[in-house]
Amino acid sequence: MRKTTTLALLTGLVAVLAPISLLAPQAQAATAASPKVAAVTAAAVKAAAVKAAAVKAAAVTAAALPGGRSTYVVTMMGGVNGAMYSKLSMYLFATNGTVTQRYWYWRQDMISGFSNAARWKVYTGYTTSGCRYACPVRTPLGFQPGTSPKSISGTWRTDSNGNLAVRWTATAHEGWRLNSSQAGFTTMTVMTAYSTGAIQRGWGFGSRASASQGASMAAVHASRQLLGPLAINYYGVRTKVYPVQSFYFPYYSECVGGRCLQSNQNTAADKRTWYNSYLAGNPATDGRKVYWNSENGSVAQWENPGTVCIGYGGGHTNAVLQVLDDNGRFLGFVGAEASMDRRNYLQDEVGAWVGVLQPMLATISPYL
């Protein structure tokens, strides 16, 4: 890849310098005939040289980043039985070999007691008003609007095979496989995790879009279908990995105001057959953040008979970051589940997952 980039740069530079060389004799002739013409020609030559230098500098800067891209959205999960964690992050890479991670983190042994849904599954302030039912949207504690992520800094490098190594501390470092085979983004899949956190699954997507940039719920809805792997731990048992989960947006409606989507699989007479699912976000205030709250109707009716919304237990709460391409176009999600109520099977769930456009699945490895 590096040789190809260098050749492309040299070819481009020759293309720019060739007309400069051809202009030189003409510039000398013009100097003798007209000082004004000579000055204009010299200015054009200088402008072309400056432009060529800027193009070269930009290409060198991009090449000095992982996959040529600075901003990655990342999801991962790991840990040990009974204390598994999920983590959602932005990795911000710099050309000087440093990286900053902004992250949100949830671990199963952070919770104690009974029926803590109101504390750990908090309201976002979004409601699916203008859809079939007006229902509040929840998210894991710490991810709600107005909260700030934690931050840690480290260093990075790529090896001779193009794989990415990130070191956060003396005992916490990660290995990632990069894939830039498709235009507009780079994928990273976790290979090794030597950190004390023991990453089990991890995926990320990088682009040149800014960290604060986000797409509208209308753009999400228009993507039609997102697919990708899911790794989830239900507490006290072995982590399960599903190769593909799906968002099929023709089954969703856009709510009034354009900030929420609601599943419209909520019309049957038997509410136990419903699927309650809400997505919310506003790129003007949330940037890449999206809030996903879902629950099967059977659970909702067991908790709150007759309800048309997610039950008092809060359902599945997921923190989500948008995947964008270099031009800011919406490509999908990376997400982390933190559905924490009590330390018990099916009541203390953490997970990591991906949902992207179908052609992108070829760039990730779900089973690593």
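## The largest pocket

Start with β12, which gives five residues to the lining of the largest pocket, the largest share from any element. Keep in mind that this is a predicted model. The pocket has a volume of about 900 Å³, and 36 residues line it. Ser 294, Glu 295, Gly 315, His 316 and Glu 349 are the ones that lie nearest its centre.

Besides β12, several other elements put two or more residues into that lining. The helices here are α3 (117-120) and α6 (297-303). On the strand side you'll find β11, β16 (289-296), β17 (316-324), β18 (330-340) and β19 (348-356). As for chemistry, the lining residues split into 17 nonpolar, twelve polar and seven charged. How do you find a space like this in the first place? Rolling a probe the size of a water molecule over the atoms shows where empty space is left.

## The loop between β11 and β12

Two residues are worth a look in the loop that joins β11 (225-233) to β12 (240-248), and Val 237 is one of them. Tyr 235 lies in that loop too. Its backbone stands out a bit: phi of Tyr 235 is near 90°, which is positive even though the residue isn't a glycine.

Is Tyr 235 buried or exposed? It counts as buried because its relative accessible area, 19%, falls under the 20% cut-off. Val 237, at 31%, is partly exposed, so it clears the bar of over 30% that patch residues have to meet.

## A nonpolar patch on the surface

Which residues join Val 237 in a nonpolar surface patch? They are Tyr 345 and Leu 346, and together the three have about 250 Å² of accessible area.

Leu 346 sits in the loop between β18 and β19. With 42% relative accessibility, Leu 346 is partly exposed. Leu 346 also has a positive phi, about 70°, although it is not a glycine. So this patch brings together Val 237, from the loop between β11 and β12, and Leu 346, from the loop between β18 and β19, under the rule that nonpolar side chains are joined within 5 Å.

## Ile 111 and Asp 348

Ile 111 is in the loop between β3 (98-107) and α3. At 2% relative accessibility, Ile 111 is buried, because the limit for that label is under 20%.

Where does the chain come back to Ile 111? The C-alpha atom of Asp 348 is 8.4 Å from that of Ile 111, although the two residues are 237 residues apart along the chain.

Conventions:
Residues numbered from 1 in each chain as written. Predicted model: local features only at pLDDT ≥ 70, side-chain atom pairs only at ≥ 80, totals over all residues. Heavy atoms only, no water. Patch = residues over 30% accessible without salt bridge, like charges linked within 9 Å, V, L, I, M, F, W, Y side chains within 5 Å. Areas by Shrake-Rupley, 256 points an atom, 1.4 Å probe, with all protein chains shown as cover. Salt bridge = Lys/Arg side-chain N within 4 Å of Asp/Glu carboxyl O. Helix = DSSP H or I, 4+ residues; strand = E, 2+ residues; numbered from the N terminus. Buried < 20%, exposed > 50% of the residue type's maximum accessible area, 1.4 Å probe, protein only. 1 Å grid on protein atoms, 1.4 Å probe; cavity = no way out; pocket = protein on both sides within 12 Å on 5 of 7 lines; lining within 4 Å. Points joined across faces, edges and corners; volume = space filled by probe spheres on them. Nonpolar A, V, L, I, M, F, W, Y, C, P; charged D, E, K, R; others polar.
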